[in-house]
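User: I have a structure on screen and want to go through its charged pairs and its sheet. Please keep the answers short.

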Amino acid sequence: MAERTLYFDNARETQEILGRQGALLARLERDLGVALVSRDTWLKLEGEVAAVEKAYGFFENLRLARNRGAELREHGVLFALRAHCEGRSDDWQRMYTCR
């Protein structure tokens with residue numbers, strides 16, 4: 001088992017990535033195959049080493065897209081999640097960097 005913690009810059013970033021009141025947490029856990037615990041401006045990921053690293057990369061890429069000006073709404077996060085799980089992370093990253 002592995003554990004990693006991701007720290008968000010502020011509560012708004014946390015909310016945009018995880019949904020209001022963590023509404024997306026259960027879906028993210030299921031699709032990424034990791035346990036997630038969110039408090040204030042941090043997110044702890046727990047699970048198998050490969051799954052934790054892959055999930056951490058997903059969240060880092062979402063943060064990068066947000067910091068480049070992408071507005072993250074629930075449907076955008078779910079699109080990115082689907083692409084990530086299908087091995088098409090490059091596609092959605094390219095979409096967010098073309099703004």
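Analyst: One term comes up throughout: helices are DSSP runs of at least four residues, numbered from the N terminus. The model is predicted.

User: In which helix does Arg66 lie?
Analyst: By that numbering, the residue belongs to a named helix. Arg66 lies in helix H3.

User: Is Arg66 buried or exposed?
Analyst: The cut-off for buried is under 20% relative accessible area. Arg66 has 17% relative accessibility, so Arg66 counts as buried.

User: Which side chain does Arg66 join in a polar contact of 2.7 Å?
Analyst: Start with the neighbours. Not counting residues up to four places away in sequence, Arg66 touches Asn10, Arg12, Glu13, Glu16 and Leu72. The polar contact of 2.7 Å runs from the side chain of Arg66 to that of Glu16.

User: How many salt bridges does a search of the whole structure find?
Analyst: Side chains of opposite charge can pair when their charged atoms come close. A search of the whole structure finds a total of 10.

User: How many residues apart are Arg4 and Glu53?
Analyst: Their side chains meet in a salt bridge, with an N to O distance of 2.7 Å. The pair links distant parts of the chain. Arg4 sits in strand E1 (residues 2–7) and Glu53 in helix H3 (residues 49–67), so the separation is 49 residues.

User: What class of accessibility do Arg4 and Glu53 fall into?
Analyst: Partly exposed is the class between the buried limit of 20% and the exposed limit of 50%. Arg4 has 29% relative accessibility, and Glu53 has 39%. Arg4 therefore counts as partly exposed, and Glu53 also counts as partly exposed.

User: Glu60 and Arg63 form a salt bridge; which of them counts as buried?
Analyst: Both lie in helix H3, three residues apart, about one turn of the helix. Their closest N and O atoms are 3.4 Å apart. Glu60, at 30% relative accessibility, counts as partly exposed. At 12%, the buried one is Arg63.

User: Which residues do shared salt-bridge partners join into one network?
Analyst: Glu60 and Arg63 supply one salt bridge. Salt bridges that share partners extend this into one network of Asp9, Glu13, Glu60 and Arg63.

User: What is the N to O distance in the salt bridge of Glu86 and Arg88?
Analyst: Arg88 counts as partly exposed, at 28% relative accessibility. Its side chain meets that of Glu86 at 2.7 Å or more, to be exact at 2.8 Å.

User: What is the C-alpha separation of Leu6 and Glu60?
Analyst: Leu6 lies in strand E1 and counts as buried, because its relative accessibility is 1%. Outside its neighbours within four places in sequence, Leu6 is in contact with residues including Trp42, Phe59, Glu60 and Arg63. Leu6 and Glu60 are 54 residues apart along the chain, yet their C-alpha atoms are separated by 8.3 Å.

User: What is the strand order of the open sheet?
Analyst: The sheet has three strands with antiparallel pairing. E1 and E2 (35–39) are the edge strands, each pairing on one side only. Neighbouring strands are turned by 15° against each other on average, direction ignored. The order is E1-E3-E2.

User: Which residue in E3 is the bridge partner of Arg4?
Analyst: E1 and E3 (residues 42–47) pair in the antiparallel sense over six bridges. Within E3, the partner of Arg4 is Leu45.

User: What angle does the direction of helix H2 make with that of E2?
Analyst: H2 (residues 25–32) packs on the sheet and touches E2 and E3. Its direction makes an angle with that of E2 of about 150°.

Note on methods
Residues numbered from 1 in each chain as written. Predicted model: local features only at pLDDT ≥ 70, side-chain atom pairs only at ≥ 80, totals over all residues. Heavy atoms only, no water. Salt bridge = Lys/Arg side-chain N within 4 Å of Asp/Glu carboxyl O. Helix = DSSP H or I, 4+ residues; strand = E, 2+ residues; numbered from the N terminus. Buried < 20%, exposed > 50% of the residue type's maximum accessible area, 1.4 Å probe, protein only. Polar contact = N/O pair within 3.5 Å; in protein donor to acceptor, adjacent residues only side chain to side chain. Contact = heavy atoms within 4.5 Å. Pairing = 2+ DSSP bridges. Axes fitted to C-alpha atoms, helices over the stretch in contact; angles between N-to-C directions.
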